[in-house]
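Work through these short exercises with the sequence and the model in view. Try each task before reading its solution.

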Amino acid sequence: MIWNRGRAVLSLAAAMAAGGIFPLTAQAASPEFSRTEEEWAALRDDTIEYGELADLIHEYNATVQNNAYEYRKFREDYGDTNAEVSSAYYDLAQDFYSDISGDDDAGSMMNDLNLEIQGDSMMKQADETLEDSKIYQLTYEQAEKSLVVTAQSYMISYYQQLLEQEQQQAELANAGNEYELTRTKLAAGTATQLDMLAAQEAVQTAQNQISQLENTIEETRESLIVLLGWKHDDHPVIGAVPEIDLSRIEGMNPDQDLETAIANNYTLQINKRKLENARNQTTKESLRAAIANNERQIGASLSSAYQSVLTAKTAYEQAQAAAALEEENTRVAALRLSAGMMTQAAYDEQVNARDNSQLSAQSAGLELLTAMENYEWAVAGLAAAE
């Protein structure tokens with residue numbers, strides 16, 4: 001396990017769920033019948049599981065809910081097809097034109113001019129619009145998946161920052177030990193006042209860094225929970241991130257996955273849809289050029305994402321090997337300490353090296369997890385295409 005904070009068991013959770021009062025107070029986007037009771041209970045149990053992020057975003061994210069409303073409203077106001085959208089713009093234009101009074105007083109003339117301008121604008125929109133409901137649907141699906149990526153990033157960053165906090169707390173402990181040692185040396189006349197000031201500064205610096213990181217951790221936590229529908233001052237349990245599964249990498253092949261990445265890519269699908277709706281030859285040519293560029297960029301993005309996975313995998317394996325070596329060094333150091341062949345200070349230094357190597361290995365695992373997720377999202381339609 002890369003990281004597991006230990007899930008808090010809330011005795012009230014079952015009672016709250018049974019009574020219909022959920023820790024997650026945001027209104028779900030889907031009707032109650034769309035999921036089983038067990039599925040709703042899992043989403044509402046006041047615990048954020050990595051595997052639930054997509055469902056939490058879909059049900060409780062404010063942007064996703066607003067986009068769903070805007071999509072429904074677009075279809076109601078303009079229809080589904082591009083022809084229906086164009087016709088709706090023509091109707092709007094006629095509404096503006098029909099409101100022109102023709103009166104010759106200054107106020108009426110100014111109002112008529114504004115109505116004419118707005119009518120002309122709607123006519124231009126009617127002639128040039130590329131929109132239809134499918135484009136809106138694709139745009140909002142892309143936005144929702146991007147929000148899932150953001151939620152994953154927040155959750156992984158949260159644990160990366162906790163690892164960094166552990167490292168900085170160890171540095172503070174070391175700085176404190178060095179301060180006490182320097183104070184002893186000062187009393188014995190083997191250290192200077194300047195040495196003492198330097199030791200004090202090291203302690204203060206470590207304390208400041210921990211304080212700043214605590215603020216960053218809280219900001220990340222709040223960003224995550226608000227994204228998922230909780231209030232900023234709620235405190236849902238943040239579950240563990242997935243263990244590293246290197247077999248996922250074995251299934252990655254940018255040459256073979258490119259076709260899927262192109263077929264799934266949202267930017268490309270939207271541009272192809274716009275091309276189908278385009279009536280102006282210049283617009284068509286522009287879109288064809290954009291589509292060709294999209295396909296090139298998707299290939300480059302996928303290749304880059306795969307190289308990032310390989311780089312992160314190498315770093316992870318090296319960090320794992322270094323941690324194993326430091327573990328063995330610590331075992332040997334313990335034997336030497338018991339045999340009187342090593343000082344306690346030297347042994348403590350080795351233990352610190354082991355602990356740091358373990359934290360580094362866990363951090364490298366989180367970096368690899370991020371890289372693997374990014375590659376798979378690129379295949380799933382989010383490869384940069386522009």
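A residue counts as buried when its relative accessible area is under 20%. The model is predicted.

**Exercise 1. Burial and surface**

Find what share of the 386 residues in the chain is buried. Then describe the exposed area and the charges.

Solution.
- Apply the cut-off: buried residues make up 36% of the 386 residues.
- Turn to the surface. The chain exposes about 21300 Å². Carbon and sulfur atoms supply 50% of that area.
- Count the charges. There are 26 positive and 63 negative side chains. The centres of these two sets lie 5 Å apart.

**Exercise 2. Overall form**

Decide whether the chain is a compact globule or more spread out.

Solution.
- List the elements: the chain holds 13 helices and two strands.
- Compare the radius of gyration with the globule rule. The chain has 30 Å, while the rule gives 21 Å for 386 residues. The chain is well over the rule, so it is more spread out than a compact globule.
- Check the box. Along the principal axes, the C-alpha atoms fill roughly 100 × 55 × 50 Å.
- Look at the contacts. Take those between residues at least 6 apart in sequence; 76% of them join residues at least 24 apart.

**Exercise 3. A helix and its partners**

State which residues of helix H3 are buried, and name the elements they pack against.

Solution.
- H3 covers residues 53–60. Its buried residues are Leu-53, Leu-56, Ile-57, Glu-59 and Tyr-60.
- These pack against four helices and a strand: H2 (37–43), H4 (62–78), H7 (133–188), H8 (193–227) and strand E1 (47–48).

**Exercise 4. The annotated coiled coil**

Compare the UniProt "coiled-coil region" with the model, then examine Leu-213 in helix H8.

Solution.
- The unreviewed UniProt entry places this feature at residues 196–223.
- Over residues 196–223 the model is 100% helix and 0% strand. The end C-alpha atoms are 41 Å apart.
- Leu-213 lies in H8. Leu-213 has 6% relative accessibility, so it counts as buried.
- Beyond its neighbours within four places in sequence, Leu-213 contacts Gln-161, Glu-164, Gln-165 and Gln-168.
- Take Glu-164: it is 49 residues from Leu-213 in sequence, yet 8.2 Å away, C-alpha to C-alpha.

**Exercise 5. A serine in H13**

Explain why Ser-357 counts as buried, and list its contacts.

Solution.
- Ser-357 sits in helix H13, residues 344–382.
- Its relative accessibility is 10%, so Ser-357 counts as buried.
- Leave out residues up to four places away in sequence. Ser-357 then touches Ala-319, Ala-322, Ala-323 and Glu-326.

Technical notes:
Residues numbered from 1 in each chain as written. Predicted model: local features only at pLDDT ≥ 70, side-chain atom pairs only at ≥ 80, totals over all residues. Heavy atoms only, no water. Rg over C-alpha atoms; globule rule 2.2 N^0.38 Å. Buried < 20%, exposed > 50% of the residue type's maximum accessible area, 1.4 Å probe, protein only. Contact = heavy atoms within 4.5 Å. Areas by Shrake-Rupley, 256 points an atom, 1.4 Å probe, with all protein chains shown as cover. Lys, Arg positive; Asp, Glu negative; His and termini not counted. Charge placed at Lys NZ, Arg CZ, Asp CG, Glu CD. UniProt positions renumbered as here; feature names shortened; annotations may be inferred.
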